Amino acid sequence: MPSQTRKSHFRTIQKFKTDYAPVSISQYVSERTGMHVVVADQKGPKVQGYFALATEIFDDSGSPHTLEHLVFMGSKSYQYKGLLDKLASRAYSNTNAWTATDHTAYTLDTAGWEGFAQILPVYLEHVILPTLTDAGCYTEVHHIDGEGNDAGVVYSEMQGVQNTGGEIMDIRARRLLYPENVGFRYETGGLMPNLRVLTADRIREFHKEMYQPKNLCLVLVGEVDEENLLQILDDFEDTIINDIPPPSAPFKRPWVESAQPPAIAKTIVETIEFPEEDESMGDILIAMFGPDCNSAIETAALTVLLTYLAGSSVSVLENIMVEKEELASAIYQNWDARPNSVIWIQPSGVATDKLAHVEQRLFEILREVNSKPLDMKYMSDCIGREKRRIKSQAESSSSFYADGIINDFLFGKRDGSTLKDMGTLSEFDSLEKWSDEKWREFMRKWITDAPHISLLGTPSKSMSEKIKADEEARLAARRKELGPEGLAKLAEKLKDAIAKNEVEIPNSLLQKWPVPGVESIHFIESITARSGQAKKLGAPSNRIQQVVDKQASDVPLFLQFEHVPSNFVNIIVLLGTSQVATEHRPLLPLFLDNFFNTPIMKDGKKIDFETVVTQLEQDTVSYSMNGGGRIGDAEGLAIQFQVEPEKYAAAIEWIRTMMFDSLFDETRLKAGIAKILADIPEEKRSGNSMMYAVDSMIHGDKDSNIVARGTLVKAVYMKRLKNLLANEPATVIGWLEALRKSLFTFESMRTLVIADIEKLPNPVQAWKPLIAGLDTTKELLPLVKGKDRLSPDGKNPGNYGAVIVPMPTIDSSFLISSAKGPDDYNDPRLPALMVAISFLDSVEGPVWTAVRGTGLAYGANFRKDTDAGHVSFSIYRSPDVHRAFIAGKKILESYIDGTAKFEDHALEGAVSQIVCNLADEQATMSRAGQFHFVNGVVKGVDDEYDTRMLKRVREVKVEEIKGAMREILLPLFKAGSANLVATVAPIMKENMVKGFTELGFKTQVKPLSAFKESYGLEGEEGEDEGDDDEEGSDDGGSGSDEEMSEED
């Protein structure tokens, strides 16, 4: 074919290798259209594409954000909503997109190059030549439904965030930082009043202006066939060249050739309210301009300086304000890459009556720090830590490259010179030579002496009530104005728009793209070896097992090794919690927070916690102790370290030291409780988080760590524990000692090491000190399963019914329904259930079309939790979860009763998505190693399990899928077999009660406070007064659950 032999229009700007990771970067530009392409060839099963456009606008219309959604509704050659996503799902791919203030990015995440190559030209046509129909704009952006409510996917999304404290503070900060002629001033997501009047023509105008190939950069990360890529792009340009503005036409480069903001003339400190029933805790947001993002040395210096100031519990701001003076729960810091970068400092969880003092105290500390010599040893540590962090990200994160390349495309030089800075970490070598005075001068220029904006975010109950009243009045006035006839017309208009959007895609069109082979999916090979108690799972026959076996076998600890060609060692110690007493479980949040932030005894001397943390940071890339949910054991705990190979033994010694030589210090415990309490109001502002929290309280028992660590337990327990610590510190410390003793036992430990095992001098023997004082004769205790920690309502969903939880902090609604599901990984129903869920949940699939496509919610999906033996259906950010719930039920029933047909291409897509999920679970070297551990140790399945499961998934028949839908998923919508939790804006309460009662559910209204649990720790009279968060409850009941969305 001519296209295979002709000269490409894409010119190579440069190719270079990074000197800190085995990755090379290639940069191209089309001499025909100006399109930019950058490839980072990172090894692994995934190819990830980020198609970024610089998008600049000077209003709050939301055109950039709405356009991002409408691109997926069809293109010039493929005028069918959902075609792109249906093709992607069959090609082991997922699509997504985001709108930032300065760019819009479309993502294509694929297992293997073959699938990526197939979808790429279709996707790019959707970006450059979308249909942008009136009907698509009506359903996707904003419409008024037949009941007079506002709806639409984008509207639902912004409704969920516009009146949150974070959003209100962010938009006010930008209004103060930027004048009207600078695009960074505006809310590109769109403000609700603007979205209600936004027209399709305005969106089309914005697309014509910004969506040109010369303003597009394709970023690809993974194993890419670059010759094939350029051929695909040359052919694609042939198809669009007559439909785009002339490439030679003048074009003003967004952001770079636009007006730049003036310097902040003088410091502004302003109080800003946000709606919140609990007025106890506020937030502070501080902003100032920083250096040009194109200066590699200055931006590296800024990152290191912010780490020095607020990067950990020993950095100066965190240490003084959080750990010692207890003025905030945390000090967050980051900076936005821009020609005038923006530095953000955010003290969180600040007592409302101390907001002004805390803001003043922060700058007082900064000036004090700058007035005397800095700790140059710690500064050097911060430089080293940042270098290690970058090397780790370069090995394990595709977004590391994407972020840097997108920022360079937005603001860097077109000759490639600024992108070339990504090839080396030499800027950190330069920083090592900076003197104390140079660092302090830099700090004075950008932070200490810089005029800034400080916003004191103050919670306001009256604002919450006003927003509710205003919204009720606005909707009532609209309904009155429209009348029954007007509402009926709007219902018909919506129905017509949905019909136009949902034109069926001809099967013949979909079949033009065959399902790609799996040969181009290059899974990372992780070789398993076992030692000690782990050998009871079987000793593999491979060279790594031989390396392990050469070590003396007198270390009985359960050790599993996963050999991957990594430059780092990842260690996980998984701790079973079956021996922890019920009454000690709510101590876990404090125990976890304190684990690395506490003094130790060494050689008979007490070492303060600052020294401990400083030395930990010197020896590691990262370290943590959290729940075990990320490694498949939600009821366990996990200690995790990432270190360089030469620090392997040091990491193990740290684990031993923190387990057995740490001290429970009254001052440190007091600081830990203060941090936990300060964060609770913020946690309780999230409708989605509280939906999961209440769900946990209903379905889990008191021995569930998920329940014990949840916000609704912490809210009352930690307040009472604080008082007990003040009055009886010995009692609290005694409980923590008992908790320690029950956790750190030989029979509770399972250990995973992911590394290049051949480079570790003593992979097994290095663990000997950890178990030196333990009773190693005991048998390993089985891991606790989620199904073992269910309450009576969790074991038999359906009796509880539905609970509506009004929350003044939200403007939308969230729901989760829970029912019984398979609780065995070898359950013969699992393959059919997996296909059923993958089919229903696919992008532009049945649930998407029925719920999101009609503007009833931002998202909805089914989920199985085999560990707990539950299935669930959740609705995220909906203007009316009752209607979204009914829509989900109807679409499920239509497939069960045969009204809706199972199309072959959709079933192929469902199976492909299961393959894609398998690749996701093994996308990086550390995750590939972890995958083997989770399967063999946590789930208890053999090495061939996934191969067998994929074979069975491919063989599933339609009748089996219908059976899984009917017997397992449909009960989620039936009173008597499912329990429902809905968190809703107070304005929605009555309608929700009416709606779910009519569906047959025993429905009650309860405030969040009804679900609190103290685990028997009594408080003083009146202690919890003022803590109730909503307007009363109807009759009672409480409980607990098996999963939280944010389990770590």
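This passage looks at an annotated domain, two nonpolar cores and one buried glutamine in a predicted model.

The UniProt record, an unreviewed entry, places the annotation "domain: Peptidase M16 N-terminal" on residues 61–140. In the model, helix makes up 49% of that span and strand 20%. From end to end, its terminal C-alpha atoms are 15 Å apart.

Turning to the nonpolar cores, the largest one has 92 residues. Leu177, Leu309, Leu317, Tyr401, Leu431, Trp439 and Ile447 make the most contacts inside it. As for secondary structure, helix α11, which runs over residues 296–310, is the top contributor to this core, with nine residues. The core lies between domain 1 (25–257) and domain 2 (268–398 + 416–459), because both of them give residues to it. Apart from this core, there is a second, separate one of 87 residues, with Met690, Met691, Phe1011 and Tyr1015 among its members. In soluble globular proteins, nonpolar side chains tend to be buried together.

Leu309 is worth a closer look. With residues up to four places away in sequence set aside, Leu309 touches Leu317 and Ile447, along with Ser315, Val316, Glu318, Leu366 and Met443. Both Leu317 and Ile447 also appear in the list of residues with the most contacts inside the largest core.

Then there is Gln159, which sits in helix α6 (residues 153–159). Gln159 counts as buried because its relative accessibility is 7%, and the cut-off is under 20%. Once neighbours within four places in sequence are left out, the contacts of Gln159 are with Met192, Asp811, Ser812 and Pro879.

Key. Residues are numbered from 1 along each chain as its sequence is written. This is a predicted model: local features need pLDDT of at least 70, side-chain atom pairs count only at pLDDT 80 or more; totals for chains, interfaces and linings use all residues. Side-chain values use heavy atoms; hydrogens and water are left out. UniProt positions are given in the numbering used here, feature names are shortened, and annotations may be inferred rather than shown by experiment. Helices (H or I, at least four residues) and strands (E, at least two) are DSSP runs, numbered from the N terminus. A nonpolar core is a set of buried Ala, Val, Leu, Ile, Met, Phe, Trp, Tyr and Cys residues joined through side-chain atoms within 4.5 Å. Buried means under 20% relative accessible area, exposed over 50%, partly exposed in between (1.4 Å probe, protein chains only). Domain bounds come from an automatic or database domain assignment. Contact means heavy atoms within 4.5 Å.
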